[in-house]
Amino acid sequence: MPRAKRSLVSWQRTLAIMFAAQFVSAVGFSNIFPFLPLYVQTLGSRLDLGVELLSGLVISAQAITMMIASPLWGAVADRYGRKLMVERAMFGGAVVLFFMAFARSAEELILLRAIQGLITGTVSAANALVAAVAPRERSGYAMGLLQVGQWAGVAVGPLIGGAIADSLGYRWSFVLTAVLLFLAGVLVHLGVREASDAGRRDRRTSRSFVGDWHHVLSSVGVRWAYLLRFLAGLGNVMIVPIAPLFIQTLVSDPTRLNTLTGLIIGITSGATTATAVYLGRLGDRVGHRRVLLVSSLLVGLFYLPQSLVTSAWQLLALRALTGAAAGGIVPTVGALLAHYSEPGEEGSVFGLDNSILAASRSIAPMLGSSIAVLAGLRATFVATGLLYLATAALVAWRLPAVRPLTPAVAPVGVTDERTGLRHR
């Protein structure tokens with residue numbers, strides 16, 4: 001088989017395996033998340049702390065430690081291999097989640113959640129591996145497909161976790177998650193063949209981890225892409241703590257509340273999953289910056305009328321439109337980061353990316369709740385819409401369309417943002 005064809009088959013095989021692994025791990029992680037506060041309630045507190053405080057800590061502990069650890073693991077990936085980091089996240093997560101099933105108090109669960117944030121990070125590890133092997137002109141498609149795997153798993157996981165929790169108890173959901181993560185790790189270990197880039201790592205070992213991060217952040221466009229990731233992460237989570245309360249005000253029949261809440265929340269993820277690959281592939285053709293601009297603008301415009309709805313079905317329709325437009329944000333930001341940075345830096349790039357996303361997840365619930373307390377539930381939708389409109393404005397005014405290559409390592413010319421190809 002010709003070398004070029006072998007390379008094509010190799011990256012597509014890796015993408016397919018990582019899609020499957022991403023789906024399985026997302027099913028695992030999401031099947032425990034919805035009932036974490038209820039699990040905390042059953043465990044009780046050794047320090048007599050309130051359930052509300054403990055529930056907040058059990059959710060935020062993982063995000064905070066992941067924010068700290070992700071850049072370190074990313075830099076390690078560039079030196080020792082990105083496949084190894086995916087295996088570390090999968091197998092490490094399996095061990096920690098298994099121990100969570102036997103937690104004896106809420107404080108022990110919080111500690112284990114903090115350890116989970118330190119050693120997992122499956123999404124950023126998968127993104128780095130795929131970004132390293134996929135051709136730059138297909139990066140939008142590759143990132144979009146990974147997003148589909150993640151969101152499809154997020155949609156399925158809570159259904160499985162809820163059924164297991166109702167029939168067998170909360171602890172067995174953690175055992176199932178551990179098994180799924182272990183199987184995903186085995187799939188990656190046996191199926192992925194990572195090409196050696198020892199020469200590139202040798203050139204980078206003279207720099208410290210801090211030097212790696214500084215080099216990534218000095219690339220034109222990277223810092224703006226990170227800022228956009230942070231803003232989009234805020235917008236994605238700001239309404240999470242108030243959405244069920246807002247839906248409750250729209251439903252006259254209490255017996256339908258849970259069904260409608262699940263449907264409204266689920267349709268957003270479903271619509272995002274449905275459009276992610278198409279919009280990522282569209283970005284490969286017409287430019288990721290253009291798709292990101294339109295997607296951010298549409299999400300902002302769809303959020304504003306959600307503050308005016310008078311029925312759950314109106315909200316359902318607008319949430320579907322919002323999710324469909326949002327499918328163009330995650331893969332395009334990931335593809336732009338791949339374009340703006342240099343080959344061999346994928347671990348550092350997506351490690352920092354995951355850290356920034358974790359930071360936004362830590363802040364967003366508090367921000368959304370604060371706005372609701374000060375100005376009402378509907379104001380949170382207005383604030384989120386304005387945030388996405390500000391994101392679109394930043395894309396239009398500040399995000400570069402092409403990445404000037406570093407003179408010391410690059411040929412003369414620039415990278416075409418539409419195709420990802422270097423013009424000499």
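**Entry: a loop residue**

I started with Asp 48, which sits in the loop between helix 2 (36–43) and helix 3. I kept in mind from the outset that this is a predicted model. The backbone caught my eye: Asp 48 has a positive phi of about 60 degrees, although it is not a glycine. Is Asp 48 buried or exposed? I found a relative accessibility of 71%, and exposed means over 50%, so Asp 48 counts as exposed.

**Entry: the whole chain**

Next I stepped back to look at the overall build. The protein chain has 18 helices and two strands. I noted 424 residues in the chain, of which 53% count as buried. I also looked up how far along the sequence the contacts reach. Among contacts with a separation of 6 or more, 84% join residues 24 or more positions apart.

**Entry: looking for empty space**

Rolling a probe the size of a water molecule over the atoms shows where empty space is left. How many cavities of 30 Å³ or more does a search of the whole structure find? I got one. About 100 Å³ of space lies in this largest cavity.

I then asked which residues surround the space. The lining has 15 residues, and those nearest the centre are Trp 73, Gly 74, Arg 88, Ser 124 and Ala 125. Four elements give two or more residues each to the lining: helix 3 (51–80), helix 4 (82–100), helix 6 (122–133) and helix 17 (346–375). Helix 3 gives the largest share, with four residues. Sorted by class, the lining has six nonpolar, seven polar and two charged residues.

**Entry: helix 11 against helix 17**

Helix 17 came up in the cavity lining, and I met it again as a partner of helix 11. Two packed helices are described by the angle between their axes and the distance between the axes. For helix 11 (residues 222–237) and helix 17, the axes come within 8 Å and cross at roughly 35 degrees. I noted the crossing as right-handed.

Which residues of helix 11 meet helix 17? I listed Tyr 226, Arg 229, Phe 230, Gly 233, Leu 234 and Val 237. Reading along that list, I was reminded that an α-helix has 3.6 residues a turn, so residues three or four places apart point the same way. On the helix 17 side, the residues met include Ser 348, Leu 352, Asp 353, Ile 356, Leu 357, Ser 360 and Ala 364. By class, the contact of these two helices has 12 nonpolar, three polar and three charged residues.

**Entry: Arg 229 and helix 16**

I picked Arg 229 from helix 11 for a longer look. Is this arginine buried or exposed? Arg 229 has a relative accessible area of 7%, and buried means under 20%, so Arg 229 is buried. Leaving out residues up to four places away in sequence, Arg 229 touches Val 330, Val 333, Gly 334, Leu 337, Asp 353 and Leu 357.

Several of those names led me to helix 16 (residues 330–340), which is mostly covered, with 10 of its 11 residues buried. Val 333, Gly 334 and Leu 337 are among the buried ones. So is Tyr 340, because its relative accessible area is 1%. I also checked Tyr 340 against Pro 400, 60 residues apart along the chain, and their C-alpha atoms are separated by 9.2 Å.

**Entry: two more residues, two more helices**

Leu 293 is found in helix 14 (residues 288–303). Its relative accessibility is 27%, so I put it down as partly exposed. Not counting residues up to four places away in sequence, Leu 293 touches Ala 392, Val 395 and Ala 396. I noted Leu 389 as well: its C-alpha atom and that of Leu 293 are separated by 9.4 Å, with these positions 96 residues apart along the chain.

Last on my list was Thr 268 in helix 13 (residues 257–286). Thr 268 counts as buried, because its relative accessibility is 13%. What does Thr 268 touch, not counting residues up to four places away in sequence? I found Arg 319 and Gly 323. I also looked up Ala 155, which is 113 residues from Thr 268 along the chain, and the C-alpha atoms of the two are separated by 9.8 Å.

Key. Residues numbered from 1 in each chain as written. Predicted model: local features only at pLDDT ≥ 70, side-chain atom pairs only at ≥ 80, totals over all residues. Heavy atoms only, no water. 1 Å grid on protein atoms, 1.4 Å probe; cavity = no way out; pocket = protein on both sides within 12 Å on 5 of 7 lines; lining within 4 Å. Points joined across faces, edges and corners; volume = space filled by probe spheres on them. Nonpolar A, V, L, I, M, F, W, Y, C, P; charged D, E, K, R; others polar. Axes fitted to C-alpha atoms, helices over the stretch in contact; angles between N-to-C directions. Left-handed = near helix turned anticlockwise from the far one by under 90°. Contact = heavy atoms within 4.5 Å. Buried < 20%, exposed > 50% of the residue type's maximum accessible area, 1.4 Å probe, protein only.
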